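Subject: Structure handover

Hello,

Here is the structure I promised to pass on. Please open it alongside this note.

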Amino acid sequence: PFSFIYPADGVPQKNHVFLFKAWEHLQENHHLTPELHLTIPSKFTELILEIERLQRKGLKIINHGFVSQTEMKRIYREHRYLVFPSLSESFGLPLVEGGAAGLKVIGSDLPFIYQVVKPSAVFDAGDVKGLSDIIARLYRGLELPPTEVIVKDNIAEIFQMIQPHKIPA
């Protein structure tokens, strides 16, 4: 029940380094090691090396690498929380997918989050202690409200609409 997912590639604005620091803070200050599931492709070698370092410290960080949409749906079903420290988003599809799958979104307190979902909890994207304190309170029994999805995922319908139509002969 206390495993977290962050489906994002490894570009800097996804803020993985912050997330890793929060997980270290959880271990060092709260003596907690919740599972963190990631989807960082192998080309982001610095992040992969950092994950390996943190794993050696005893942190439970599982990187699935690039996953298919079907596999991602399975991963969503296996988790309760979506942690989202991103600093900027073009659309925020993981927020929509996670919220629609019933995950409680714990996101950075930035305007784009509120354009996509009404999150279950927010944190300052530069405050490692703030995020780790939310997670520690979850371990002590804090119940978060459900996440409300504001934007619908209509990607399939949009692609159908823009497909070239056959012109009758």
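Below is what I found on aromatic pairs and the nonpolar core.

One caution before the details: this is a predicted model.

Aromatic pairs. A search of the whole structure turns up 5 of them. Take F2 and Y139. Their ring centres are 4.5 Å apart and the planes meet at 25 degrees, under the 30 degrees cut-off, so this pair counts as stacked. It joins distant parts of the chain, 137 residues apart. F2 sits in the segment before β1 (3-6), while Y139 belongs to helix α6 (residues 128-139).

Are these two rings' residues buried or exposed? Neither: F2 has 25% relative accessibility, so it counts as partly exposed. Y139 is also partly exposed, at 30%.

A second stacked pair is F4 with Y81, at 5.1 Å centre to centre and 20 degrees between planes. This one also links distant parts of the chain: F4 lies in strand β1, Y81 in strand β4 (residues 81-84), and 77 residues separate them. Both F4 and Y81 are buried. Together with W23 they form one aromatic cluster.

The core. The largest nonpolar core has 47 residues. Which of them touch the most other members? They are F4, W23, L38, I61, L95, I106 and L131. So F4 and W23 appear both in the aromatic cluster and in that list.

I106 is worth a click. Leaving aside residues up to four places away in sequence, I106 touches F4 and Y81. Its other contacts include L82, V83, F84, A121, F123, L131, I134, L138 and L144.

Best wishes

Terms used:
Residues are numbered from 1 along each chain as its sequence is written. This is a predicted model: local features need pLDDT of at least 70, side-chain atom pairs count only at pLDDT 80 or more; totals for chains, interfaces and linings use all residues. Side-chain values use heavy atoms; hydrogens and water are left out. Rings of Phe, Tyr and Trp (its six-membered ring) pair if their centres lie within 6.5 Å; planes under 30 degrees apart count as stacked, over 60 as edge-to-face and the rest as tilted. Helices (H or I, at least four residues) and strands (E, at least two) are DSSP runs, numbered from the N terminus. Buried means under 20% relative accessible area, exposed over 50%, partly exposed in between (1.4 Å probe, protein chains only). A nonpolar core is a set of buried Ala, Val, Leu, Ile, Met, Phe, Trp, Tyr and Cys residues joined through side-chain atoms within 4.5 Å. Contact means heavy atoms within 4.5 Å.
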